[in-house]
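Trainee: Could you take me slowly through one part of this structure, and then show me how other parts of the chain are arranged?

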Amino acid sequence: MDLYRLLKYRLLAVTVLLVLLSCSVKQSGSNYVDLVNPLIGTAPSTTISALQHGEDEKENNAQVVPYVTVPFGMTNWTAQTKSTETKCVAPYYYTDTKISGFRGSHWLSGSCVQDYGSMTIMPITGKLKCQADDRASSFSHDTEKTTPYNYNVNLADYKIDVNMTATKRCGLFQFTFENSGEAHIIVNPNSDEGEGFIQINAERNEITGYNPAHKIYQGWGDKAGFSGYFVVKLSKSSDKYGVYQNEKILDGNIQIANQENIGAYISFMVEKGETIEAKIGTSFTSIELARKNLEAETKDLDFAEAKENLKETWETLLSKVKVEGTNNDDKVKFYTALYHSYLQPRTFNDVDGTYLSFNGGKQVMNSGNEDYFTDFSMWDIYRSSLPLFNMLTPKVNGQMMKSLFSMAEQGGWMPIFPCWNSYTSAMIGDHAIAAIADAYLKNNIQISDKEYGYLIQNAFKTPENHADYVNGKGRRALDSYLKNGFVPLEDEVKESFHKGEQVSRTLEYAFDDFALYQIAKKRGDTFHANLLKKRALNYQNVYSVADSAVRGRFADGTFTKDFDKLIRKPYITEGTPYQYTWYVPQDINGLMNLMGGEDGFNTNLDRFHAAKQYWHGNEPGHQIPFLYNYSGQAWKTQELVTQIMKTEYSNDVGGLSGNDDAGQMSAWYVFAALGFYPVAPSVPQYVISGPHFDKITLRLENGKALVINAKGASSGKNYIQKIKFNGVEYDKTYLDHFSIIKGGVLDFEMGDQPDKSWGTAKESRPFSLSN
């Protein structure tokens, strides 16, 4: 990082500290939901590894927004400080100074993609100003109150107090005017494509409309086959209304469509202290279904009831994990992380189960009594977000896996990274397989023969129709991977947004092959199991013994000559070769052997950390702190995890160290605080790092409870001395998933100095394929 950038971020860090009090959480009673601070991560990161490794402000921003929403809600509601649907531009940033509306958003929380099918509502007073930048009002964070169930702010320029809450598919608003006079409520679809439709029905006090969704990555700019539909129902009638396009105001007109910057307004005379309420129903199917969702979820429901219902929804979820300790800041970080973990994937179906089919919306489908989900940031969330759901809320995770299989049935191929209900190959890998394997190996789902066929197809075939491949079906570079046992540098992987990245693809495909091997083995398919088990070792084909690191390789077997493992390379995804070297979660013992055994592995891993190569802000390294458990030095894992939790997370606005990526960064923290982590999803084990609260109670979906006692952990005793499970001494450095879900009591004896003898026995170590 150059001096200018370093100084810039250091100054930002000081600024963040100065505003820390303004984003503090007001607590009431013992409610877990009131420990959540949705503003954490809404400003550029001030953490150590973000400043060192992030290349730009997009990588150094968590990209979360203060959503008011139900867990996995169809539409999430936020104050809007950015009015576009541009890639990598979130609807809200803490550092902005003006609010231009309140958005019904489909932004993938913590991502660098784009919002889609969104709409915005904005109340103003005085002169009618319709364009977002013109109507935007200044506001103070001192008057901004954020919780998962309610957002409240004062629009200073208009003296309007705004309150917002939500249901699964609807938003509810109260606009209270401090002064009497003329007021306006403006609604617009947020199309960046010059598209959309809006219409006023004054007799019904309604504004309806839609905003067509478009793809990025595969088929960039093409229509996704559906729109974000909305119905706005106002509590007050008026005969003064109109539509607009750019600066042109069309008084009395009731509709406008397919032009840039369009919207509608209704004007009122208001009394001092008067409140106008708005209820907004949304749908991805039609205006009629948006209205049906609105009626089903908000009919006869007043604002206070809706707010209390949403509060209780979050309280019920968050109370599945009760943490107790002396450090209140850590509780804020923990419950905020749990909130962030449960924002995506997104419910796509209407209240009656209706949704438009995957990959084009050509058919009307129905999910029955279950929900159908989309917006899987799969390269990220298979690592710990989905395993967290498998542990705490396995039923809904099962519905998510069913949704992935529904996509395969409707589109013909398992999706790689399904967003906006379409195929994309946005990132690398084939991790729907890993996600499904994790649920299947933990007995949360069953897999039919037909569904298994889709998994095998992704691993062994490429679409015969090249257009299907270009449009996102099938693994990228599968043919060259199968031919060589790795993706050679000659294969530029042109039909992908992330081109190249051949070494990273090889490593991640090897893991996906391992996950599918696990499925095949459980199903008794020895033919495919044997093939996939061999392919799970393909990571060896890109490892350079001379460099103690992975390295780019040509088809003839030679390694690239231009090499520095500390510098980013085009054959590595978002990082350096050294950072990706450790991505062998299925076979750490095998990687250890390549490095010359335990001593060589530990020396290399020590050297990696000494070089300050660990970058917590990017997902492929999230398993690295736990690897010492495989090599007889578990105390170093305990030390590293403690350090990361202290330095890479805080409860201020810059307190997440990189893109949260649909909750993956946050789910890591949740697991780390519990004291164990799913290093290799599909292996029903969690690698132990030690709890960070004095007592933790997990209330599991099967009615069982797991109590974790770790006296002193919240006040600095972070080294494991001894473990007992249900009163019996426990010497493993991992926990078995099936033991956890049976419930019981885990007693950790913690100390402030490492016990370097704990967990050293080879038989105490986690699973490796080469065991």
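**A close look at Q638**

Mentor: Let us begin with Q638, a residue of helix α19, which covers residues 634-647. Please keep in mind that this is a predicted model. Q638 counts as buried, because its relative accessibility is 1%, and the cut-off for buried is under 20%. If we set aside the neighbours within four places in sequence, Q638 is in contact with S689, N718, Y719, I720 and W758. G690 is 52 residues away from Q638 along the chain, yet the C-alpha atoms of these two residues are separated by 6.3 Å.

A helix can also be read by its sides, and α15, residues 526-535, is a good case to practise on. Its buried residues are H528, A529, L532 and R535. They lie on the same side of α15, because they cover an arc of only 125° around the axis. An α-helix has 3.6 residues a turn, so residues three or four places apart point the same way. The buried residues of α15 pack against α11 (449-460), α13 (478-484) and α14 (502-523), whereas the face turned away from the buried side carries the exposed residues T526, F527 and K534.

From helices we can turn to strands, where an open sheet of 9 strands follows the order β6-β7-β8-β9-β18-β13-β12-β11-β16, with antiparallel pairing. At its edges are β6 (145-146) and β16 (255-257), each of which pairs on one side only. Helix α4, residues 287-298, packs on this sheet and touches β9 (170-177), β12, β13 and β18 (275-283), while its direction makes about 125° with that of β18. Helix α5, residues 303-318, lies across β8 (160-166), β9 and β18, and runs at about 50° to β8. Within the sheet, β12 (residues 206-214) and β13 (residues 223-234) pair in the antiparallel sense over 8 bridges, and K223 in β13 is the bridge partner of H214.

We can finish with the nonpolar cores, the largest of which has 223 residues, with F102 and F334 having the most contacts inside it. A second, separate core of 7 residues includes L478, V487, V493 and Y509. In soluble globular proteins, nonpolar side chains tend to be buried together. As for annotation, an unreviewed UniProt entry lists residues 290-752 as "domain: Glycosyl hydrolase family". In the model, that span is 41% helix and 12% strand, and its end C-alpha atoms lie 56 Å apart.

Methods: Residues numbered from 1 in each chain as written. Predicted model: local features only at pLDDT ≥ 70, side-chain atom pairs only at ≥ 80, totals over all residues. Heavy atoms only, no water. Helix = DSSP H or I, 4+ residues; strand = E, 2+ residues; numbered from the N terminus. Buried < 20%, exposed > 50% of the residue type's maximum accessible area, 1.4 Å probe, protein only. Contact = heavy atoms within 4.5 Å. Arc of directions from axis to C-beta. UniProt positions renumbered as here; feature names shortened; annotations may be inferred. Core = buried A, V, L, I, M, F, W, Y, C linked by side-chain atoms within 4.5 Å. Pairing = 2+ DSSP bridges. Axes fitted to C-alpha atoms, helices over the stretch in contact; angles between N-to-C directions.
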